[in-house]
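Okay, everybody, thanks for coming. Could you pull the model up on your screens while I get going?

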Amino acid sequence: MRQILIFSFILISSVAFGQKHLIGIQGGLNLTHFTSKEGFGDTQMRTGFIGGITYDLKLTEKYRIGVDILYSQQGATSKYLFTNDEGVFTGEEKTEMYYDYLSVPIKFGYEFGNSTRLIPKIGIVPAIAIKAGITVPTVDGNGTVTGQETIDHMDNVSKFDFGGIVEFGIETDLSENLIFCTNLNYKHSLTTFSNSDYFEGQDMRHYGFSVSVGIKYSLNR
């Protein structure tokens with residue numbers, strides 16, 4: 001991960017002199033799940049937060065490269081169904097498998113338009129796990145739900161994730177230097193977060209969509 005970051009900043013620095021730079025912040029929603037070989041057919045997508053800082057270097061008037069540093073909540077959800085001693089359904093509670101990352105999308109894009117621009121991008125997403133676990137309901141001796149318990153899995157999951165990303169962004173000029181932006185993207189992991197210590201043989205890989213909005217500032221428009 002550190003080597004990828006160093007390479008990215010060296011690449012940007014080597015062509016940055018005299019170019020246009022845009023820095024900004026963004027935030028939005030992640031809608032994520034994961035693939036696996038078997039065993040998770042009753043799970044649904046998790047809705048989480050994604051956000052952080054963004055940087056774009058305009059290589060020419062139309063081509064650009066971008067590097068973001070984002071906090072990304074990923075995972076899946078499922079439901080516990082409760083029954084009484086006679087097998088009669090009495091209620092349900094949600095459980096959540098969560099995998100939160102510090103991700104660094106590195107993207108290459110092309111602009112269409114002038115004051116309002118459509119910007120498709122493609123790139124890679126190296127990421128480091130910073131939280132991992134599962135929340136499950138707790139019950140008392142009578143079978144009554146009393147709360148939730150969080151089971152930490154950080155010591156078990158693979159810490160590094162690497163994926164690909166396709167993104168469609170829209171930018172609109174608010175002033176000479178201030179820009180409103182919105183992005184929709186799809187990400188899919190190329191590496192697995194399962195391993196010999198965590199769901200061995202399941203080949204679990206993250207995927208999902210995110211939508212975000214933000215503000216960028218042009219340093220030398």
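I'll start with the overall layout, then walk through a few strands, the core, the rings and one loop.

So, first thing to say: this is a predicted model. The protein has 221 residues, and 43% of them count as buried. In terms of secondary structure, we've got 1 helix and 11 strands. If you read along the sequence, the helix comes up and then it's strand after strand, α-β-β-β-β-β-β-β-β-β-β-β. As for the surface, the protein exposes about 11600 Å², with carbon and sulfur atoms supplying 61% of that. And take the contacts in the protein with a separation of 6 or more: 66% of those come from residues 24 or more positions apart.

Let's look at a pair of individual residues. Find glycine 52, please, in strand E2, which covers residues 44-58. Is glycine 52 buried or exposed? Well, somewhere in between: its relative accessibility is 23%, so glycine 52 goes down as partly exposed. Setting aside residues up to four places away in sequence, glycine 52 touches Gly24, Ile25, Gln26, Ile69 and Leu70. Now hop over to glycine 214. Glycine 52 and glycine 214 are 162 residues apart along the chain, yet their C-alpha atoms are separated by 9.5 Å.

Next stop is glutamine 74, in strand E3, residues 63-83. Glutamine 74 has a relative accessible area of 10%, and buried means under 20%, so glutamine 74 is buried. What does the side chain of glutamine 74 make a polar contact with? That would be the side chain of serine 72, at 2.8 Å. Beyond its neighbours within four places in sequence, glutamine 74 is in contact with quite a list, including Asn30, Arg46, Tyr99 and His206.

On to the inside. In soluble globular proteins, nonpolar side chains tend to be buried together. Here, the largest nonpolar core has 16 residues, and the ones touching the most other members are Phe34, Met97, Tyr99, Tyr101, Phe193, Tyr198 and Met204. Which elements give two or more residues to this core? Strand E4, 89-103, and strand E7, 116-139. E7 gives the most, with 5 residues. If you click on methionine 204, you'll find that its contacts, again leaving out residues up to four places away in sequence, include Phe34, Phe40, Tyr99, Phe193 and Phe199.

Those names lead us to the rings. A search of the whole structure turns up 12 aromatic pairs. One of them is phenylalanine 34 with phenylalanine 40, an edge-to-face pair with 5.2 Å centre to centre and 80 degrees between the planes. Both phenylalanine 34 and phenylalanine 40 are buried. Then look at tyrosine 198 and phenylalanine 199: the ring centres are 4.8 Å apart and the planes sit at 85 degrees, so this pair is edge-to-face too. Tyrosine 198 is buried, at 4% relative accessibility, while phenylalanine 199 is partly exposed, at 34%. Ring pairs tie Phe34, Phe40, Tyr99, Phe193, Tyr198 and Phe199 into a cluster.

Now for strand E10, residues 178-189. In a regular strand the side chains alternate between the two faces of the sheet. Along E10, Ile179, Cys181, Asn183, Asn185, Lys187 and Ser189 point to one face and are buried. Leu178, Phe180, Thr182, Leu184, Tyr186 and His188 point to the other face and are not buried.

What does E10 pair with? On one hand there's strand E9, residues 160-173, antiparallel over 11 bridges. A hairpin of 4 residues joins E9 to E10, and phenylalanine 168 stands opposite leucine 184 in E10. E10 also pairs with strand E11, residues 205-218, in the antiparallel sense over 11 bridges. There, histidine 188 stands opposite tyrosine 207 in E11.

Last bit: the loop between E10 and E11, where we meet phenylalanine 199 again. Phi of phenylalanine 199 is near 50 degrees, a positive value in a residue other than glycine. Aspartate 203 is found in this loop as well, and its phi is positive too, near 55 degrees. With a relative accessible area of 28%, aspartate 203 is partly exposed.

That's my tour, so over to you for questions.

Conventions:
Residues are numbered from 1 along each chain as its sequence is written. This is a predicted model: local features need pLDDT of at least 70, side-chain atom pairs count only at pLDDT 80 or more; totals for chains, interfaces and linings use all residues. Side-chain values use heavy atoms; hydrogens and water are left out. Buried means under 20% relative accessible area, exposed over 50%, partly exposed in between (1.4 Å probe, protein chains only). Contact means heavy atoms within 4.5 Å. Accessible areas come from the Shrake-Rupley method with a 1.4 Å probe; for residues, only the protein chains shown count as cover. A polar contact is a pair of N or O atoms within 3.5 Å; within protein, one must be able to donate a hydrogen and the other to accept it, and residues adjacent in sequence count only if both atoms are side-chain atoms. A nonpolar core is a set of buried Ala, Val, Leu, Ile, Met, Phe, Trp, Tyr and Cys residues joined through side-chain atoms within 4.5 Å. Rings of Phe, Tyr and Trp (its six-membered ring) pair if their centres lie within 6.5 Å; planes under 30 degrees apart count as stacked, over 60 as edge-to-face and the rest as tilted. Two strands pair if DSSP finds at least two bridges between them.
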